[in-house]
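Dear colleague,

Please find below the structure that I am handing over to you, together with its sequence. My findings follow directly after it.

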Amino acid sequence: MNLHVNANEVAAVLLADGWHEVRAGTFVTGPFAFAGATDGSSADIGGQPGFGLTTDEGAVVMGPLSSLLAVRLEAAQDQERTPLQELAYRLDGRILTAGGAESVRFTHAGEDFEVWLGATKYGPRWLFAAAGERDGAVDYGFAEKDPVDQVARAVMGDLKAGMRPGRPGAATDHPDAD
């Protein structure tokens, strides 16, 4: 039997020194390596998987995945998610903050994508692009108050149809947008 853990539902982690509360949407896993502060070198720890998180107090904690003794999850029915947290959950992504703006980053077919609530001439709307290529964002016409399940379905429908927003030649407006 496999036990699947949705990273967006991790509320706390147990390390050797005790439990640490996790800020919602900040728990991530990936390769663990040290990068040199001055010479730019890095030391890969033999391809060892790692984790990263931000505590409720704002401290960033990273380490080898083997140092996690347990995780505590928030039961989906017991928690109120923000729209961004709900979108991260539905897309199996994570919430990132860059330049004071939050977005959901997720991977599909080996490529990273982002969805965020951006300012448009129509007001705040959900936008979608390849990670780091926001100039080619798709505006689905969904406003801030629209259910995020509609946004998630539109994003995944386009990806499964082969659309790659933010790439040269990609459409910049969704045909159903205002």
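The notes below cover the largest pocket and then the nonpolar cores. Please bear in mind that this is a predicted model.

The largest pocket holds about 620 Å³ of space. Its lining is made up of 29 residues, and those nearest the centre are Phe27, Val28, Thr29, Gly30 and Arg94. By type, the lining comprises 16 nonpolar, nine polar and four charged residues. Strand 3 (28-35), strand 4 (42-54), strand 5 (60-64), strand 7 (94-98) and strand 8 (101-108) each contribute at least two residues to this lining. The largest share, seven residues, is that of strand 3.

Turning to the interior, the largest nonpolar core has 21 residues, and the members that touch the most others are Leu87, Leu91, Phe106, Val115, Trp126, Phe128 and Val155. At least two residues of this core come from each of helix 1 (83-91), strand 8, strand 9 (111-120), strand 10 (123-130), strand 11 (138-143) and helix 2 (148-160). Helix 2 gives the most, with six residues. A second core, separate from this one, consists of eight residues, among them Val13, Leu15, Phe27 and Leu53. Phe27 thus appears twice in this account: it belongs to the second core and is also one of the residues nearest the centre of the largest pocket.

Phe106 of the largest core merits a closer look. Leaving aside residues up to four places away in sequence, Phe106 touches Leu91, Asp92, Gly93, Glu111, Asp112, Phe113, Val115, Phe128, Val155, Met156 and Leu159.

With kind regards

Conventions. Residues numbered from 1 in each chain as written. Predicted model: local features only at pLDDT ≥ 70, side-chain atom pairs only at ≥ 80, totals over all residues. Heavy atoms only, no water. 1 Å grid on protein atoms, 1.4 Å probe; cavity = no way out; pocket = protein on both sides within 12 Å on 5 of 7 lines; lining within 4 Å. Points joined across faces, edges and corners; volume = space filled by probe spheres on them. Helix = DSSP H or I, 4+ residues; strand = E, 2+ residues; numbered from the N terminus. Nonpolar A, V, L, I, M, F, W, Y, C, P; charged D, E, K, R; others polar. Core = buried A, V, L, I, M, F, W, Y, C linked by side-chain atoms within 4.5 Å. Buried < 20%, exposed > 50% of the residue type's maximum accessible area, 1.4 Å probe, protein only. Contact = heavy atoms within 4.5 Å.
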